[in-house]
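Biologist: Please take me slowly through one small part, the place where two strands pair, and then walk outward from there to the wider assembly. I am still learning to read such pictures, so please take the steps in order.

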Amino acid sequence: MELAWYALLGLFFASYLVLGGYDYGVGLLLARGADPTRRRALLNAVGPFFLGNEVWLVAAVGILFGAFPVLEGELLSGFYPAVVGALFGVITVTAGVQLRSRPAGPRARTGWDRVVVAGSVLAALGWGALLGGLLQGVPLHADGHVAGVTHLLTPFAAAAGLAVVALVAVHGATFLTLRLPATEAEGVGRLARRLVPVALAAVGAATALGLLSDRVRATAQQPVAAVLLPVVLVAALLVARAALIRRRPGLAFAATGAALALPVALVGAALWPYALVSTVDAGSSLTVADAAASGPTLRLLGWLTVPLLPALLGFQAMCWWVFRGRTDGRAPVYW
Amino acid sequence: MDTLLLARLQFATTTSIHFLFVVVTLGLVTLLVGLQTTWVLTDKPVYERLTRFWGQLYVINYVLGIATGVVMEFQFGLNWSGLSRYVGNVFGAPLAIETLVAFFLESTFLGMWIFGWHRLRRGVHLALLWGVALTAYASAFWIMVANSWLQNPVGHEVHDGVAHLTDFTALLTNPSLGMALGHVASAALLVGGMLMAAVSAWHLIRRTPDLALFRTSLRIGLITAALSITLVQGFGFAQFGPVGAVQPTKFGGGPAAEELIADWTARFGPGDYTPPVLASVGLGFMILIGLGLGLLWLLLPLLWRDWIIRLRFPLWLLLLALPLPFVAVILGWIAREVGRQPWVAYGLLPTEQAVSGVGPGVMLASLIGFSLLLGTLAVTNWVLLAKHAARGAYDPALGRRPTQPPADPRPEPAFA
């Protein structure tokens, strides 16, 4: 039962990275558009999905709290700077996207768009550093608490953060290739193609730093998965590039989406059976089973929420279906 | 400054700011459901315009409110990791249910509602708003279940210092839940009604165009506010009995409180087990405001032949009274939350044992950073609401026809 909940937690967080990922990717690309109408078009492409994407994060943390309370406490407080950074990013993007269209003046809008760009970078960087931090282990002591926050300051965590920023940028550009009117999709498709090598380099750098780091090597419990999944990630990026060249944006979007979901699978698989691996005392590492809530709580959550999962997915799918296809000026402009 | 005090200050700031957004969201969405349903049933254009105008204000408030809610959710793990460690098995469940079955759907529906004008069939579009409102109330319910458990921990057993869930129905029938939920929900409706009445009053005082439209929303807002203040008072006073029985130290001393404190002293060691005086001060002022707002009923007869508009001064009263319910809801939460001290879960987990092990420097930086960020969001929210309220129902961005060019650059709003 713990495994099922752990998988569900991973599913929700990975879905958040995939869906929220293109919000932040599009947010990043606002930095390039000097032309206000173009920036408006980018935001319009995300428009109807924006609110529905972020809920995956809130739901993931809800599952974390309900099903893995001990992990929740240590994970969030143990990675304080990364989590707070990501949170600042998420908030500024949420607020910035909403606020940018309220003032009419072009200068105010440009200002808010910069806020959205900064927030997008911060969010991607924070979540990347958190995932990297999990892979390099934490100073979890015998009393069950993670001591201090400086353990996060390593080249590997920074590289992981930057890799997620690069992945998010590719993903956002690919989303726009799929979603903008056909006339504008050409240009953004070229951009997405050019961003793939950047993402490959960033992922490669993070992988190399990880392989060189003693902490990461000691933390990885399943070395096969830890090596295999980054290879799959690279393959996904290559598929995305090939699909972009062949003008198959749907396939490319699936591939970049997979590239954003894979880091979550990598962390889950590489650390298994642990959820948090201690760098100071092997006996203090927290297993998934120990981190989970007790049986009655999991059963209750299972009875109350699992029957509703089809409804959750169904209404999300309804949103994607209603607003499918390229933006065509038929949906109202709000953001 | 120690970590505990900083974490408590941060919780107080975050929760207060978050709740200012919550009351407006919950109150306005209820009124919006009424407006849009009337529009769909009667097909009168004035109700479409009312839905768009109030919907625009609602959406601004909702989206900025999400940001504060996200901080709320993360704060438990960031600052109060002891809470998840010792009582997470029980306390985490209602919060997890809230995110999955309530908030998740609420935001998904709202996104479709905002962008669904002119694209979805009217019935579907209306059903989405009903979905938003119902999930909003479900959200309020589960959050109150979680909060009531902290006030009066029921349905659990403690093994090795960790609480385990034994009886979930006890959480749902918690004596500190029922009346408090009614109190909070009617307070939100009061705020929604007051906001609607006050904004309408401003337009009627300034004699802006759309007199008929704002006359309608003034009446809706005032009647809603008057009905809800009575509910607020009823549910409020009805809480004293059940809450006083399960939390004897909350409303001052008495034999039951002394007995409980003696029991705690024996089990947890000597200490100060009475809540800070701030709790009862907050309660006193809140009751004062609540009784004062009961005077709203005196304005109702003035709706006859529009005397309320002709006399003008009642409009000023409504406008000037707008801050009062907001002050009252904050004071109410101070009474409820500070009155629980020194416990995070009453009689079960002392507050100092729940705080995370991060250093005071990190906590201080987080307190300052988040307070500034959320404070800015709250101020921005109020400025935006005021600006959009002042701009009138002429052409809100929400629900504008895609073929119609946006009225940019819009005329500067005449906001005094």
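Modeller: Start with a single pair of residues in this predicted model: Glu157(B) has His164(B) as its bridge partner, and His164(B) lies in strand E2(B). That pair belongs to a ladder in which strand E1, residues 156-159 of chain B, is joined to strand E2, residues 162-165 of chain B, by 4 bridges, with the two strands running antiparallel. Between E1(B) and E2(B) the hairpin leaves 2 residues, and at the turn Asp160(B) takes a positive phi near 50°. As background for looking at any such pair, the side chains of a regular strand alternate between the two faces of the sheet.

Moving outward, chain B also meets chain A, with 71 residues of chain B in contact with 70 residues of chain A. The size of an interface is often expressed as the accessible area that is lost when the parts come together. Here the area buried between chain A and chain B is about 6,200 Å², and carbon and sulfur atoms give 76% of it.

Charged and polar pairs can be looked at next. The count between the two chains is 1 salt bridge, and in a salt bridge Arg85(B) is joined to Glu74(A), with the closest N and O atoms 3.2 Å apart. Across the interface of chain A and chain B there are 11 residue pairs in polar contact, both residues of each pair being at pLDDT 80 or more.

On the side of chain A that touches chain B, at least two residues each come from helices H3 (50-67), H4 (69-78), H5 (80-99), H6 (106-135), H13 (295-305) and H14 (309-322) of chain A. The largest share of that side, 13 residues, is supplied by H3(A). Sorted by class, the side of chain A that touches chain B holds 43 nonpolar, 17 polar and 10 charged residues.

Finally, chain A as a whole has 14 helices and 2 strands. Its radius of gyration is 20 Å, close to the 20 Å that the globule rule gives for 335 residues, so chain A is as compact as a globular protein of that length. Along the principal axes, the C-alpha atoms of chain A fill a box of roughly 60 × 45 × 35 Å.

Note on methods
Residues are numbered from 1 along each chain as its sequence is written. Chains are lettered from A and ligands numbered from 1 in the order in which they are written. Side-chain values use heavy atoms; hydrogens and water are left out. Two strands pair if DSSP finds at least two bridges between them. Contact means heavy atoms within 4.5 Å. Buried area is the accessible area (1.4 Å probe) that two parts lose on being put together, summed over both. A salt bridge is a side-chain nitrogen of Lys or Arg within 4 Å of a carboxyl oxygen of Asp or Glu. A polar contact is a pair of N or O atoms within 3.5 Å; within protein, one must be able to donate a hydrogen and the other to accept it, and residues adjacent in sequence count only if both atoms are side-chain atoms. Ala, Val, Leu, Ile, Met, Phe, Trp, Tyr, Cys and Pro count as nonpolar, Asp, Glu, Lys and Arg as charged, and the others, Gly among them, as polar. The radius of gyration is taken over C-alpha atoms; the globule rule is 2.2 Å times the number of residues to the power 0.38.
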